[in-house]
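Biologist: Pick one part of this model and give me a close look at it, please. I'd like to see how its surroundings fit together, right down to the side chains.

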Amino acid sequence: MQVREQLRPLLDIENVAFPNRLGSVQGRRGRKLLAAALEEGADAIGGTPLAEEDQRALIDEVIRLALRYGHLLDLHIDESESPVGVASRFRPALSGRTPPPGGRF
């Protein structure tokens with residue numbers, strides 16, 4: 001976060017809190033670290049659902065946190081030979097949700 005502030009006059013840096021394995025045994029610790037990153041000034045929250053054992057749990061958690069903190073959501077769902085098919089699997093998790101103020105899903 002300090003580097004972002006130091007370089008602000010020169011370039012725009014966005015810090016993305018990017019969880020890993022939230023659905024695993026270490027998930028509890030990961031959720032705590034993720035919340036801490038958001039509280040300390042991360043600009044967005046991200047995730048790679050295809051890398052998770054419980055993809056829906058990751059999506060639900062990062063959406064919940066994005067809404068709670070009013071942050072942008074950066075889901076990497078293109079890690080596939082068929083990104084359109086992957087995106088359609090996750091669309092129901094986002095439908096009916098309201099993006100954070102000024103944000104988007």
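Modeller: One cut-off before we start: a residue is buried when its relative accessible area is under 20%, exposed when it is over 50%, and partly exposed in between. Arg-8, at 48%, is therefore partly exposed. Keep in mind too that this is a predicted model.

The part I'd pick is strand 2, residues 44-47. Ala-44 and Gly-46 sit on one side, Ile-45 and Gly-47 on the other, and all of them are buried, so both faces are covered. In a regular strand, side chains alternate between the two faces of the sheet.

Now for the partners. Strand 1, residues 16-17, pairs with strand 2 in the parallel sense, over 2 bridges, and Ala-17 is found opposite Ile-45. Strand 3, residues 72-75, also runs parallel to strand 2, and here 4 bridges join the two. One of the matches is Ala-44 with Leu-72. To get from strand 2 to strand 3 the chain goes through helix 3, and the β-α-β crossover it makes is right-handed.

Strand 3 has a covered face and an uncovered one: Leu-73 and Leu-75 make up the covered face, while Leu-72 and Asp-74 make up the uncovered one. So the bridge partner of Ala-44 belongs to the uncovered face of strand 3.

Back to Ile-45, which leads into the packing. Nonpolar side chains tend to be buried together in soluble globular proteins. Here the largest nonpolar core has 14 residues, and Ile-45 is among those touching the most other members, along with Leu-34, Leu-38, Val-62 and Leu-73. Helix 2 (27-39), helix 3 and strand 3 each give two or more residues to this core, with helix 3 giving the most, 6 residues. Leu-34 is a handy place to look from: beyond its neighbours within four places in sequence, its contacts are Ala-17, Phe-18, Pro-19, Leu-22, Ile-45 and Leu-65. That list brings in both members of the Ala-17 and Ile-45 match.

Helix 3 has a polar detail as well. Glu-61 and Arg-64 form a salt bridge, with their closest N and O atoms 2.8 Å apart. Why can they pair up along the helix? They are 3 residues apart in helix 3 (residues 55-69), which puts about one helical turn between them. The two ends differ in burial: Glu-61 is buried at 15%, whereas Arg-64 is partly exposed at 39%.

After helix 3, in the loop leading to strand 3, comes His-71. This His-71 is buried, at 13% relative accessible area, and a polar atom of its side chain lies 2.8 Å from the backbone oxygen of Ala-42.

Finally, back to Arg-8. The search of the whole structure turns up 2 salt bridges, and besides the helix 3 pair there is one between Glu-5 and Arg-8, at 2.5 Å from N to O. Glu-5 is partly exposed at 41%, and Arg-8 is partly exposed too.

Definitions and conventions. Residues numbered from 1 in each chain as written. Predicted model: local features only at pLDDT ≥ 70, side-chain atom pairs only at ≥ 80, totals over all residues. Heavy atoms only, no water. Salt bridge = Lys/Arg side-chain N within 4 Å of Asp/Glu carboxyl O. Buried < 20%, exposed > 50% of the residue type's maximum accessible area, 1.4 Å probe, protein only. Pairing = 2+ DSSP bridges. Right-handed = clockwise from strand over helix to strand, strands pointing away. Core = buried A, V, L, I, M, F, W, Y, C linked by side-chain atoms within 4.5 Å. Contact = heavy atoms within 4.5 Å. Polar contact = N/O pair within 3.5 Å; in protein donor to acceptor, adjacent residues only side chain to side chain.
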